[in-house]
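Visitor: I would like to go through this model with you. May I put some short questions?

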Amino acid sequence: MSLLISQLINGLQSGSIYALIALGYSMVYGIIMLLNFAHGDIIMVGAYVAWLAIIHFALSPFVAIALAILTCTVLGVTIEKVAYAPLRSSPRRSLLITAIGISFLLENLAQIIFGAGSQRVPKLISGPSLNIANQHISFTAIVTIIVSVISMVILTFLVQNTKMGKAMRAVSEDMGTAQLMGINVNRTVSFTFALGSALAGIGSILYCCAYPQASPTMGSMLGLKAFVAAVLGGIGSLPGAMLGGFCIGLAEAIVSAVGLSVWKDGVVFAILIVVLIFKPTGILGKPVSEKV
Amino acid sequence: MKKFLSIALILVLILGCFAACGKKADTGDSTVKESAAPENTASGETIKIGIIGCHTGEYAQYGLGVKNGASLYIDQLNANGGINGKKVEIVAYDNKGDNQEAINAFNRAVDEGITALIGDVLTGNTIAVVGVAYPLNMPMITASATAEAVTYDKDTNTVYSNVFRTCFIDPFQGEKMAKYASEKLGAKTAAIIYETGNDYAVGVKDAFIATCKEVGINVVDEEGYASGDVDFKSQLTTIASKKPDVVFCPNYYEDDALIISQARQVGLKATFLGADGMSGVKDYASAEELEGTYYCSGYAPGSTDAIKNFEAAYTEKYGASTLNMFAATAYDAAMVLCNALQIAEDKGLKAGTDEYKQAVIDAIRNNSADLECITSKGYTFDEHNNPVKDAVIMKLEGGKEVYVETF
């Protein structure tokens with residue numbers, strides 16, 4: 001029984017990282033219908049920034065964390081401005097291909113600059129671990145789960161209760177009409193990217209706490225799984241992305257716990273296939289009726 | 001039209017490049033003899049042995065290490081009077097890391113009358129040479145080829161009885177670590193976490209389990225993971241619940257580091273053990289997480305007095321740039337081989353004859369156990385001609401990988 005609880009906590013820990021990243025996918029998809037495949041690589045950049053800050057500039061972990069999140073945010077907005085904004089009126093396929101291109105660009109840049117091997121990210125946070133009912137729960141796991149829940153609460157507040165959030169929801173519903181109503185679409189889209197990338201930045205820090213290595217391709221699998229989480233929850237839906245993230249994390253933990261760890265990735269992508277076949281809108285997604 | 005012309009021009013240029021490359025490759029004629037006999041002896045009689053390896057090209061580091069390491073021993077031996085007054089003459093050829101060149105080099109060395117061979121260096125080259133050396137029953141010792149197929153053909157169940165090696169094959173490390181865990185660490189229970197798609201990890205793991213059965217360690221859990229995984233917490237939580245004394249982790253250092261850090265996160269405090277793939281792990285996890293982790297390896301620089309003497313002599317003669325593990329195992333290979341030559345000489349046989357070669361092979365197999373070699377206190381060989389020898393045990397202490405003992 002206590003083993004089960006530990007496994008659930010393992011699942012929640014990786015699930016909350018997936019959820020944070022899935023939120024970025026879902027928000028961007030909701031607003032400009034783009035699957036931003038460069039999103040996973042932003043996490044990789046965040047991890048390298050944290051590593052650089054601590055190892056090469058000898059900054060304190062706290063500054064490194066702030067710097068990593070800031071860099072991710074700026075990078076996300078820059079990518080949107082440079083690569084996606086000029087293509088906003090082109091077919092969606094061009095946007096998608098651009099996103100994949102950006103993803104490769106970031107991965108290969110990292111490989112050229114930092115080398116193909118991985119780098120160790122030193123400890124960013126430390127604290128006492130908990131022992132509940134003879135079961136060890138690490139400080140990292142507690143922090144990861146708490147930080148992501150807080151981030152999600154803040155995000156929900158931003159989207160539901162602020163003017164910018166209202167603008168985001170309006171643009172995602174109908175970009176043209178929103179513009180006619182006096183909403184600055186460019187600013188709103190940039191804000192969405194900033195928000196999504198900041199979450200990715202937080203995700204990258206939490207990821208580095210659990211798996212303290214930065215490597216050029218670390219973002220691709222992480223991004224893909226978060227994408228599956230977003231689809232599972234219903235892409236475009238924020239509560240859906242959170243739910244999807246936790247589900248994927250738990251599914252992985254359970255699969256590993258029963259001794260099928262080698263099939264972990266397979267199970268995640270099988271979930272994607274099953275969702276796409278039987279409920280393409282995901283758990284919480286709204287069905288979109290095609291306008292004729 | 002202009003476009004077409006420019007494309008055509010580019011194509012012509014590219015083709016030109018290839019043509020030039022092709023020619024260049026051809027001009028590198030056949031093998032070139034590198035070292036001559038030591039200025040000859042009073043009796044005029046020498047015992048010729050071949051040293052073949054990749055002395056140029058991408059893997060020259062290994063080839064030169066082997067050549068220099070073996071030559072160092074032979075030069076020392078000759079300086080002390082050789083074998084019963086006869087000098088050992090080295091016939092060295094470069095195979096450039098190429099299989100066909102390796103066979104050519106071997107054939108040429110045979111034409112020059114070698115009676116034994118130290119080499120080849122790379123696994124592929126060695127297998128190629130074994131193909132021609134086995135029918136000749138030519139005694140050969142490789143210092144570096146680790147693949148099982150070098151001494152044993154699984155498909156035909158043939159042991160190449162003339163081929164030996166002084167480096168251990170990968171699975172042997174699993175055997176060593178199981179024995180070490182039992183004898184020195186007092187382990188009674190063990191768990192394993194390994195990369196399932198990795199032949200190295202699987203081979204070492206299988207040997208570990210087999211030896212655990214022999215020495216009475218109970219393997220309580222065996223967890224796998226797929227290549228590229230970074231999250232091992234679920235597997236480690238399962239392992240932690242079974243409270244093993246040691247966790248065997250025969251993977252490469254980056255994965256090992258992630259596994260050990262996450263093990264500490266889920267509260268698994270057992271001692272971690274690894275094989276030589278773990279070497280370098282110190283740069284990938286924190287000192288306190290790694291503290292007390294053991295792994296084994298074939299060679300540790302500066303570990304024992306014998307190694308220190310060897311390293312000093314080697315550096316003085318050849319510099320430190322090619323001083324590596326295979327230089328040390330090649331020194332051992334030369335020692336094992338020359339000991340066998342001595343025995344064949346004592347029998348009064350004539351170098352190069354079939355009886356002589358068989359005597360050398362028998363002596364390598366049966367009379368190498370008491371030699372004071374530098375990487376191992378003597379060599380014995382198992383039924384597949386793989387060495388049973390010492391390994392170096394390394395321990396993580398304060399963020400450093402330090403030598404513990406030769407086991």
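Guide: The conversation below takes up cysteines, one glutamine and internal space. This is a predicted model, in which local features need pLDDT of at least 70, side-chain atom pairs count only at pLDDT 80 or more, and totals for chains, interfaces and linings use all residues. Residues are numbered from 1 along each chain as its sequence is written, chains are lettered from A and ligands numbered from 1 in the order in which they are written, and side-chain values use heavy atoms, with hydrogens and water left out.

Visitor: How many disulfides are there over all chains?

Guide: Zero, a disulfide being a pair of cysteine sulfur atoms within 2.5 Å.

Visitor: Why is Cys54(B) without a bond?

Guide: Because the closest cysteine sulfur, in Cys167(B), is 13 Å from its own, too far for a bond. Cys212(B) is likewise in no disulfide, with the sulfur of Cys296(B) the nearest at 13 Å.

Visitor: Is Cys212(B) buried or exposed?

Guide: Buried, at a relative accessible area of 0%; the term means under 20% relative accessible area, with exposed over 50% and partly exposed in between (1.4 Å probe, protein chains only).

Visitor: Turning to Gln213(A), which residues of chain B is it in contact with?

Guide: Its contacts (heavy atoms within 4.5 Å) beyond four places in sequence include Glu254(B), Ala257(B), Leu258(B) and Tyr284(B). Gln213(A) is buried, with 9% relative accessible area.
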